[in-house]
Amino acid sequence: MDNDQKKTLFFAIILGAIFVIAIFYMLFNAFLNKGTISLIGETPFLVEIVGGAQTDCQSSPCEITAKRGYQNLIIAKEKHNTIFKEVKVRLWETREIELKFELIPQIESTNEVLPPDQYYNYSLVYDENEHLYKLVSNADRSKRPIVYFSKEIKNPQIFGGKQTVLIIGENGSYKIDTIEQTKTQISNANYDLTEILSGHFSEKSDYFAFRLVSSPNIFVLNSANKISRTELIAQRSLTVWTYDNKLLFITDQKFDASNMPLSDASTDGFYIGTYDPINNSYQKIKSFSEILEKPKRAIITGNNNAIYLETGSGNYKISLE
């Protein structure tokens, strides 16, 4: 075999090797260079790999194959917020992803009659035997003392909750734990509590939302007896406590880009949102053009998945989950 033939054979071998490698690469990339994404969530939902195929998931877990590397998923479910998720796919491995779909709040008219508000009423009375003043529940016929006071509290306002009572007087303000039967004096308050017009406790009585004579805003007293001023305007907002200690509000106030309520009126109808007293933050949920006036009352279900509103034009149910 002469040199030309050897060169020809050498180049043929090289070209053949390149061809085999190219074929192997194409086959590997097309059929083997993949992993599996296993999506776990309430079905049905639709999954699209950006730049790739769509999958209609009718059962959970829903398994789809994808090329190795980072993949961007668009996951859509009817009446729920779309989920955008970046997933790292590993070669021949299964990546499990749990999905939590957030329902886009839906409003509907309802004929359901809202239950009456529950009130907890207390009184301060003089105990002739002990020669002390005592706090008693109006529902207790025996008038058993919850706590005693050595001196009369002048002109008291009494706000009752399920487990807590707030007493505001000219000569002292107190928070009473009705379960432990203890009292704590509120001192160094940065607002004049004798100006309280109205207020209501959270379900566990950890927080107290109220309004003052001298301010248009809603305030919150926390479990450490510290007061925060919210941006919610009392006359334009209805509030009710959720079971996880967030203040749910219905207001016609406008919101800025950071979800902060403004004094300007919204052009989108009344907004539903929550205020978190722990980190002093607001979460706007949605506006509803169907609500034309501030509701008279609001009831939230025990699992926080629905709100019932009573308005002058009828009752509404807003589904949250």
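This briefing covers the overall form, surface and nonpolar cores of one protein chain. The model is predicted: local features need pLDDT of at least 70, side-chain atom pairs count only at pLDDT 80 or more, and totals for chains, interfaces and linings use all residues. Residues are numbered from 1 along each chain as its sequence is written, and side-chain values use heavy atoms, leaving out hydrogens and water.

**Overall form**
- The protein chain has one helix and 28 strands (DSSP runs: helices H or I, at least four residues; strands E, at least two; numbered from the N terminus).
- Its C-alpha trace spans about 130 × 45 × 35 Å along the principal axes.
- The radius of gyration is 32 Å, whereas a compact globule of 321 residues would have one near 20 Å (taken over C-alpha atoms; the globule rule is 2.2 Å times the number of residues to the power 0.38).

**Burial and contacts**
- Buried residues make up 37% of the 321 (buried means under 20% relative accessible area, with a 1.4 Å probe and protein chains only).
- Among contacts between residues at least 6 apart in sequence, 42% join residues at least 24 apart (contact means heavy atoms within 4.5 Å).

**Nonpolar cores**
- A nonpolar core is a set of buried Ala, Val, Leu, Ile, Met, Phe, Trp, Tyr and Cys residues joined through side-chain atoms within 4.5 Å.
- The largest core has 17 residues; Ile37, Leu39, Phe45, Val47, Leu73, Ile75 and Leu99 touch the most other members.
- β1 (34–40), β2 (45–49), β4 (62–67), β5 (69–76) and β6 (83–89) each give two or more residues to this core.
- Not counting residues up to four places away in sequence, Leu39 touches Phe45, Val47, Ser60, Pro61, Cys62, Ile64, Leu73, Ile97 and Leu99.
- A second, separate core of 15 residues includes Leu248, Ile250, Ile291 and Leu309.

Notes: Buried means under 20% relative accessible area, exposed over 50%, partly exposed in between (1.4 Å probe, protein chains only).
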